[in-house]
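Notebook open, model loaded. I want to look at one helix, then at the two ligand sites.

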Amino acid sequence: MSFSPTSILVTGGAGFIGSNFIHSFSANNPACRITNLDALTYAGNLKNLTAIADNARYRFVKGDIGDAALVSELLTQEKVDAVVHFAAESHVDRSITGPEIFIRTNVLGSQILLEESRKHWQAGIVADFRFLQISTDEVYGSLGDSGYFTEETPLAANSPYSASKAGADLLVRAYHETFGMPTLNTRCSNNYGPYHFPEKLIPLMIHNIINKRPLPVYGDGLNIRDWLHVGDHAAAIEVVLKTACPGSVYNIGGNNEWKNIDIVNLVCDLLDARLHRVAGENRKLITFVKDRPGHDRRYAIDASRLKRDLGWEPAYTFESGITETIDWYLAHQEWVADVTSGAYRTYYENQYGGRS
Ligand code: NAD
Ligand code: DAU
């Protein structure tokens with residue numbers, strides 16, 4: 001199966017993964033138009049896209065995926081032949097303290113985007129069409145000490161965030177089954193890399209270490225996540241978009257499981273050296289805090305279908321990816337200061353009593 005998009009609508013392109021995808025996709029596909037629809041919530045930042053802002057084939061539109069009229073207008077105006085749907089509320093902790101916006105954006109917003117895409121696709125303005133839903137391994141729930149999530153693992157979401165993503169995945173499936181719409185669905189493990197918002201584990205730890213603030217580790221610190229560099233995720237999405245059969249689902253992951261406490265120790269040690277601190281100094285900042293309610297114990301992705309069918313494999317080793325990421329944060333402290341001001345600061349202070 002081969003599909004060459006000429007005009008893509010990226011939703012949530014001002015966020016972490018969406019902005020990384022826009023940079024790599026535009027470099028690999030210089031003739032393709034890219035329209036970026038993003039509501040610029042606390043997690044969206046146009047400074048992630050400075051390097052592409054003046055590119056004649058790129059257009060940014062501030063708006064909500066739940067605005068049917070706007071979505072319809074963009075699809076028609078730009079003759080969009082592929083929607084790559086990143087826009088979401090993405091932070092599990094926020095979904096526990098305020099689930100409603102997760103349902104509004106991740107479920108209702110996705111449904112509106114799907115419905116406008118269906119009308120556009122059925123209008124026959126474009127020769128071929130794809131709707132790619134960017135999802136997460138969290139829809140599968142939690143694993144015990146062994147085993148992996150495959151694409152056949154039943155959905156068993158445990159947090160309001162993952163339930164909202166599972167809801168959207170089922171709608172995507174329904175649009176394929178009911179209308180024959182050419183949808184695709186990817187489910188990726190935890191990403192890390194540049195432009196990662198410092199509310200998530202790795203960038204939060206980097207940010208707090210630099211500022212000598214406590215490093216909150218939830219529960220016993222033994223929960224396991226499977227980490228993939230965001231550049232590898234972006235490459236996998238492009239491969240799926242261009243070569244996967246409509247209706248298919250692909251897991252994306254790099255076989256890179258880490259206990260949270262081991263990741264935190266690693267980041268502490270790498271930063272001891274870079275910040276010229278005594279070996280072991282940063283580890284003293286680690287503070288075990290109350291566990292996340294419903295905290296999934298272990299995620300581990302079996303991405304063998306993606307390798308077998310479409311030939312994708314991660315290019316980064318974790319060693320190179322994590323050192324590059326730490327160096328990126330050290331070199332982009334202005335970006336960090338910018339995104340951690342305002343609404344984010346208020347949220348974090350409410351969570352941790354003023355230790356942002
Ligand atoms: P993010 O929070 O960094 O970015 C989300 C973006 O969506 C922001 O730019 C925000 O402004 C935008 N947005 C939010 N609501 C919107 C709305 N109603 N209309 C338009 N734009 C809106 O998220 P991320 O970490 O980049 O994740 C992107 C996608 O990838 C999400 O769908 C997430 O579920 C999925 N995912 C993330 C990871 C991960 O490790 N971060 C892993 C697998 C899958
Ligand atoms: O697995 C993919 C998912 O990964 C994505 O779908 C989500 O959008 C993304 O946010 C991420 O979810 P997690 O909950 O796994 O990521 P987070 O960085 O919030 O937490 C990673 C682990 O670290 C988790 O076990 C909770 C723990 N943690 C997190 C934070 C923020 C801590 O111990 N302390 C912290 O301060």
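**The helix.** I started with H8, residues 260–274 (helices, H or I of at least four residues, and strands, E of at least two, are DSSP runs numbered from the N terminus). Its 15 residues should span 21 Å at 1.5 Å a residue, and the end C-alpha atoms are 21 Å apart, so the two values agree. The expected span here is 1.5 Å times one less than the number of residues.

Before going on, I noted that this is a predicted model, where local features need pLDDT of at least 70 and side-chain atom pairs count only at pLDDT 80 or more, while totals for chains, interfaces and linings use all residues. Residues are numbered from 1 along each chain as its sequence is written, chains are lettered from A and ligands numbered from 1 in the order written, and side-chain values use heavy atoms, with hydrogens and water left out.

Which residues of H8 are buried? I found several, among them Ile-261, Val-264, Val-267, Leu-270 and Asp-272 (buried is under 20% relative accessible area, 1.4 Å probe, protein chains only). The buried residues of H8 pack against H6, E8, E9, E11, E12 and H10 (contact means heavy atoms within 4.5 Å). After H8 comes His-276, with a positive phi near 55°.

**Ligand 1.** I counted 28 residues around ligand 1, the closest being Ile-17, Asp-38, Ser-90, Tyr-161 and Lys-165 (near is a heavy atom within 4 Å). For polar contacts (N or O pairs within 3.5 Å), I noted the Lys-165 side chain at 2.6 Å from a ligand 1 oxygen. A polar side-chain atom of Asp-64 is 3.0 Å from a ligand 1 nitrogen, and a polar backbone atom of Phe-16 is 3.0 Å from a ligand 1 oxygen. Taken alone, ligand 1 exposes 840 Å², and the protein buries 96% of that (Shrake-Rupley areas, 1.4 Å probe). H1, E5, H5 and E7 each give at least two residues to this shell, and E5 supplies the largest share, 3 residues.

**Ligand 2.** What is closest to ligand 2? Of 25 surrounding residues, the closest are Thr-136, Asp-137, Tyr-161, Arg-292 and His-295. Side-chain N or O atoms of Thr-136 and Tyr-161 lie 2.7 Å and 2.6 Å, respectively, from an oxygen atom of ligand 2. For Asp-137, I read 2.5 Å from a polar side-chain atom to a ligand 2 oxygen. Ligand 2 alone exposes 690 Å², 95% of which the protein buries. H6 and E8 are the elements giving two or more residues to this shell.

Note on methods:
Polar contact = N/O pair within 3.5 Å; in protein donor to acceptor, adjacent residues only side chain to side chain. Buried < 20%, exposed > 50% of the residue type's maximum accessible area, 1.4 Å probe, protein only.
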